[in-house]
Each structure stands twice: as C-alpha cells, then as structure tokens.
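Work through these short exercises with the structure open beside you. Try each task before you read its solution.

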Amino acid sequence: MNAPLFKFEYFNTDVSLIIAFAIGIAFGIALEKGGFGRATILASQFYFTNMRVLKVMFTAIVTAMLGLYFLSVVGFVDLSLIYLTQTNMLPMIVGGLIAGVGFVIGGYCPGTSMVAVATGKIDAVVYVIGMVFGIFIFGEMFPSIENFFNSGFMGSVTLPAYFNLSYGFVVFLVVLMAIGAFAAAEWGEKKMAAKAGKEKQ
Amino acid sequence: MKKFFSNLTTNQKLGGVALVLGIMALFAGDPYGGTTIKVNEKDIALSTVGNSDKVSVTELADWIIKDRADFELIDLRSEEKYNEYTIPNSQCIPLLQLSASELQRNQKIILFSDDDVASSQAWFILKSKNYKGVYILDGGLNKWKENVLFPKAPINGSKDELVQFEKMKEVAKYFGGQAQTDSSITENTTLIKLPTSTTTKTKTTTPTGKKKKREGC
Amino acid sequence: MISLTKILTHAFEKDESHVHIEMKEKPYSNPYLVGVGLGLVLLAAFVIMGRGLGASGALSTAVAVTVNKIAPEHTSQNNFYKEYIGDENTNPLMDWLIFQTLGVLVGGFISGIISHRVKKGIEKGPRISSKMRLIYAFVGGGLLGYGAKLARGCMSGQALSGGAVLNLGSWAFMMMVFAGGYAAAYFMRRQWI
C-alpha cells in the first residue's frame, strides 16, 4: 500500500468526493466537541481566559506532523506527493494580520463558523455572509492587487528547507515549542482564573 | 516507577508521548527517502526485471495509437539521438539525469533506450528509490524498429500470423515506417521523423495530465 | 442593513441570559484530546488524499461560480475567479473542499445534537448588544474572507494543514493571525469580556 492513496490511484475522483464528505463530518465533529462552535470560546483565546484555540490547534498540528513524519520515514507515505501550498511571504503576512483582526472582530474563522452555523448561531450566519462579501471584494479588487498577491514568491518551501535543518530536527523543535506553549497557556489560564476569583471577592 | 506513571495526568501523559516522539524524530532520518539509495545485497540478487515489468513494442504501439496518456514514456538516450528519431510522446531524460528528474513515484513510467541495457539500469535506479510503476520497453528502440516500423512478413506463416502481419502493416504506416514484404530484407536507413508536436512534452507536475487541481484552502 | 440586524437581534433578545448560563454548565472535552482527534482527521486527509483540510476555498468556489453565472465575461478576465471555476470539463461545484465543508456542517450538527448544544442564539460577551455583535460579525467575516484569500488559505487550510507539513508560508501566516488577533483584542474587549 502506498500513500497518499488518492495519488496512487486507489480510487477515483468521484469516490474522493465521498471521502471529502466523510472527512468533513469527522472534522466538524472534532471542532464542535472542542467547543469551537462558539465565538465566545474562540475569542477568549485572545484574552487569556480560555486558551483552547491554542491547545487544540497546536495539538492537532503536532499530531498530524508526527504522524506524517513517521509514516514517511518508514516509507508508507510519499511525502513529496503531499500538497504544499506555495509561499508568497508578504501577502501571507499581510493576509494573516488582516485575518487575525477579522478573527477577533468576527469571533470565528471559516471552519468554525460552519460548525457554529450548524449549531444555530445567528452571528455565525452573519459572519459567513460577511466572509462571502469579503471574498467577493477581494475578487473584484483582484486585478489591481494581483501583483501584490503574487509577490514574495518562494515556491513550495518547508521550514526545514528554509532554515537548512533536518526535517526531524524541526519536528523536534516544534514539539518542544508546542509543549512550552501549552505549559505557558495552562499557567496563564490559572493566573487569569485566580485574578477573576480575587476580583469577585 | 509504575506509581509515577499512573500518577501523571492525561495531559502530562500526552505531553510525554509527544516529547518521546519528538526526540525520536531527531534520529529517525529523512522522510523524503533521500537521494541516497540503500541497497540490500540479497535484493540486488533477487531483483531482476520480471516479465510483468516489461512492455512489448506492439503493446506500446497500440497504446499510442489509442491515445492513452496514463503513462510517461522516457527516452534514456542522448538528446542528439532523441532529436534524430524517437518514439512519439516520449520525453528525453538521459540516464544520468534520471535521478534529478521530476518523475513522481506514483506515475506509470516506461523506459527505453536502444537496447535493454540502459533501460534495465534505469529500472533498477528507480525501483531502489521506491518508484512503483516502472517498466521497460522490451527490446528497446531496436525492437521497435524491427517489429513496429518495419515489420517483416512471416514466411509460410499461419493464418493468425498473416492476420497479425496485416495489422502491423497499418501500425507501421501510422508511425511512418514501412512493412517489409519481400524475403530480401531491405533496411530502410533513413528514419522518418514524426511530427514532433507530441514528442516535446512540457513537463507537468500533475501525473495524470488533468487540470491542476487546487489543493489548498 | 441596520434594520435587518435589528430584526435578527430582536428575535433573540430573550435568549441572552440563556447563553451565559449554558456556558458555565456545559463542559467541553479535554482540549488536548480534541486536538489529537483533530490531528488524526487531518492525518487521514493527508494519507488518503495527499492534501489537508480547508474551509475558505469552498466559499471562494461558491462566490466565483455565482459571479460567473451572472457575468461570465467578467470572470474570464479575472485570474482569481478563473482559478476557482476551472475548465469547462468539470463542474466546479464538484469540488473536494465543497464536499468537505458540507461534511463539516453535518458533523458539527450531529455533534451538537448529541451534546444538546444546538440552540438558536447569538454568541457574544456581556457588555455588548446583539445588534453590534452582528455588525461586528459581518465586518469580521469580511476581513477574514479578504485576508484568507490574500494569504491563500485560512486557519484550517494554512495554519492547520500547512502547519502540519511545516510549510514556511503557513507558519508565517499562523504567527501573523495570532499577532493580529492579540493586537485587535484590546480594542474589541467590549465585545467579549
């Protein structure tokens, strides 16, 4: 067996759509269980009261990263066939900032907003409408910002490639960083809770 | 010791597992399979190009006529030879440049050279790099010329052989060759170069040639 | 637009107190375990499809297809829309992301139903009116839609999926999202805390 299965043509495009749906369901369940269907929980990340977003996201990244790494090392997965979005440094930085601001103002990100819509949150519906609008504006503005959009092109580059470190070493660093971030998050949450507790008294 | 482990919270256990895996990652090596080929002696002895890894010239001719595009046809010879004459729809990747090429592990790759020597070498190189669908053109370009371009009429052939020969006549014509009908074999040394619009293939990174699908967010 | 938000918020004014009480009563699963679960879903996507998850892409396709229906000459000139419409051979709506996103809706609903967490309402902090919340939701969505397209992905596509494959741009994007979020948090504190 070789992976990614689709790229080795174990099944065709139509089946892949069914798989997409199934994976989506799993994705939605995971997000909802994590409490990500609620803007208040998502936003509390930025006030240090509830660091769920950081914990879930980084744990997910580390899990998938470790899984992918070890499956590739043993030869089951062909890592070179996994899609890597191209890096356009400046647009991604600017886009990230805008998206971050949007996240705190809107209270959702695209994936979580879907879960929120599914659980009946009206603000999520409005948020999705807003997103559609934002995408539309982007599309309409595209010809004039197309050059910027394509600037800073660096090809498909990974962290290990860019920093000239071995892949395994970067994996290790990411794990360390994540654990460090989690420890800091736990500490931060406790502090905020204690502060809130003190204030109540 | 056991008590220590059982006293850890779930979170700490998770963190511990992650840390262990992270440290393992330091030593586990390159996930890309690397450019170095690790070869096992036994494997060398055992691995020979089996019959299932060969494609006959008539099969290939058939696929080309049927316009099948699900494989990559690789001409391993030099560029001058490639430009002089090559099988239609082939890419020129000289043997030395094979490792550096953009061929992907999940593509169906058919290798050929003048005979079977270079193609067998290339087959072995790719197989040790874990390429899955590697085939050689049985007999190489020499066989192609002999059977496809200039098929010889069977002397005192059976009915089946004669029918087959008639079919090969058409095939030969398709590829710009000519069937040899007399018993004195006249070798046509001027090889006809077929329209090259299909031979120079732009190297695409999508193995199936479909439109490049966005796979991002 | 303002009147629309008025209508929407008025319908749910009563539920405000509900939302606060519910928040304290419903425990969510251990975030790390959820993270592992999410990571496994992501890993499955990689192993099965060779790609990660996504969200904004589905909306982009929807927008592009709609605009194309209304004004095809306009989209043919525009490289952004063109990419999401693809060629004439395949229906652009038969897209992996669209199906995945539909799955997210279904999955979120199923999980919500099982945990009794499906409830009509407006998520917001205690110091803000529903009307303002909806306006912010719209603005925030717009910004995020714009920013995500500029960065070629959103949290799911870039941060999660790109992050797991150690994509340079994805990590840069992720850091910037946190940066932007924390920077704006101070100004938005009225809405949430």
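**Exercise 1. Judge the confidence in chain B.** What is the mean pLDDT of chain B, and where is the pLDDT below 50?

Solution.
- Step 1. This is a predicted model, and chain B has a mean pLDDT of 76. In chain B, 72% of the residues reach 70 or more.
- Step 2. Look for weak stretches. Residues 183–190 of chain B have a pLDDT below 50. Beyond near neighbours in sequence, that stretch has 6 contacts in the model.
- Step 3. Residues 192–212 of chain B also have a pLDDT below 50. Here the model has 23 contacts beyond near neighbours in sequence.
- Step 4. Decide how to read such places. Where pLDDT is low, the predicted coordinates should not be read in detail.

**Exercise 2. Do the same for chain C, then take the scores of the model.** Which residues of chain C have a pLDDT under 50?

Solution.
- Step 1. The average pLDDT of chain C is 82. A score of at least 70 is reached by 85% of its residues.
- Step 2. The pLDDT stays under 50 over residues 11–25 of chain C. For this stretch the model has 13 contacts beyond four places in sequence.
- Step 3. The model scores are ipTM 0.92 and pTM 0.76.

**Exercise 3. Describe the build of chains B and C.** How many helices and strands does each chain have?

Solution.
- Step 1. Chain B has 8 helices and 5 strands. Along the sequence they follow the pattern α-α-α-β-α-β-α-β-β-α-β-α-α.
- Step 2. Chain C has 11 helices and 0 strands.
- Step 3. Turn to burial. Chain B has 217 residues, and 26% of them count as buried. Chain C has 193 residues, and 56% of them count as buried.
- Step 4. Take the contacts with a separation of 6 or more. In chain B, residues 24 or more positions apart account for 66% of these contacts. In chain C, such residues account for 59%.

**Exercise 4. Describe how two helices of chain B pack.** At what angle do α4(B) and α7(B) pack, and which residues meet?

Solution.
- Step 1. Two packed helices are described by the angle between their axes and the distance between the axes.
- Step 2. Helix α4 of chain B spans residues 57–65, and helix α7 of chain B spans residues 140–149. They pack at an angle of about 70°, with their axes 9 Å apart.
- Step 3. Angles of 65 to 115 degrees count as roughly perpendicular, so α4(B) is roughly perpendicular to α7(B). Their crossing is right-handed.
- Step 4. From α4(B) come V57(B), T58(B) and A61(B). They meet K143(B), W144(B), N147(B) and V148(B) of α7(B).
- Step 5. Sort the residues of this contact by class: 4 are nonpolar, 2 polar and 1 charged.

**Exercise 5. Explain the setting of α7(B).** Why is α7(B) said to be largely enclosed?

Solution.
- Step 1. Of the 10 residues of α7(B), 7 are buried, so the helix is largely enclosed by the rest of the structure.
- Step 2. The buried residues are G140(B), L141(B), W144(B), K145(B), N147(B), V148(B) and L149(B).
- Step 3. Find the cover. It includes α4, β4 (108–112), α6 (117–128), β5 (133–137) and α8 (159–174) of chain B.

**Exercise 6. Repeat the analysis in chain A.** How far apart are the axes of α1(A) and α5(A)?

Solution.
- Step 1. Helix α1 (residues 13–33) and helix α5 (residues 110–118) of chain A have axes 10 Å apart. Their packing angle is about 80°.
- Step 2. Therefore α1(A) and α5(A) are roughly perpendicular to each other.
- Step 3. In α1(A), the residues in the contact are G28(A), L31(A) and E32(A). In α5(A), they are G111(A), T112(A), M114(A), V115(A) and A118(A).
- Step 4. By class, this contact has 4 nonpolar, 3 polar and 1 charged.

**Exercise 7. Place S44(A).** Is S44(A) buried or exposed?

Solution.
- Step 1. S44(A) lies in helix α2 (residues 39–44) of chain A.
- Step 2. Count its neighbours. S44(A) has 22 C-beta neighbours inside 10 Å, so S44(A) counts as buried.
- Step 3. Leave out residues up to four places away in sequence. S44(A) then touches T49(A), N50(A) and W192(C).

**Exercise 8. Compare the chain contacts.** How many residues of chain C are in contact with chain A?

Solution.
- Step 1. The contact joins 113 residues of chain C to 109 residues of chain A.
- Step 2. On the chain C side, helix α3 (residues 31–49) gives the most, with 18 residues.
- Step 3. That side divides into 70 nonpolar, 33 polar and 10 charged residues.
- Step 4. Chain B also touches chain A, with 22 residues from chain B and 25 residues from chain A. The chain B side has 10 nonpolar, 8 polar and 4 charged residues.

Terms used: Residues numbered from 1 in each chain as written. Chains lettered and ligands numbered in written order. Predicted model: local features only at pLDDT ≥ 70, side-chain atom pairs only at ≥ 80, totals over all residues. Contact = placed C-beta atoms within 7 Å. Nonpolar A, V, L, I, M, F, W, Y, C, P; charged D, E, K, R; others polar. pLDDT = per-residue confidence, 0-100. Helix = DSSP H or I, 4+ residues; strand = E, 2+ residues; numbered from the N terminus. Buried ≥ 20, exposed ≤ 12 C-beta atoms within 10 Å, placed from the backbone. Axes fitted to C-alpha atoms, helices over the stretch in contact; angles between N-to-C directions. Parallel < 35°, antiparallel > 145°, perpendicular 65-115°, else oblique. Left-handed = near helix turned anticlockwise from the far one by under 90°.
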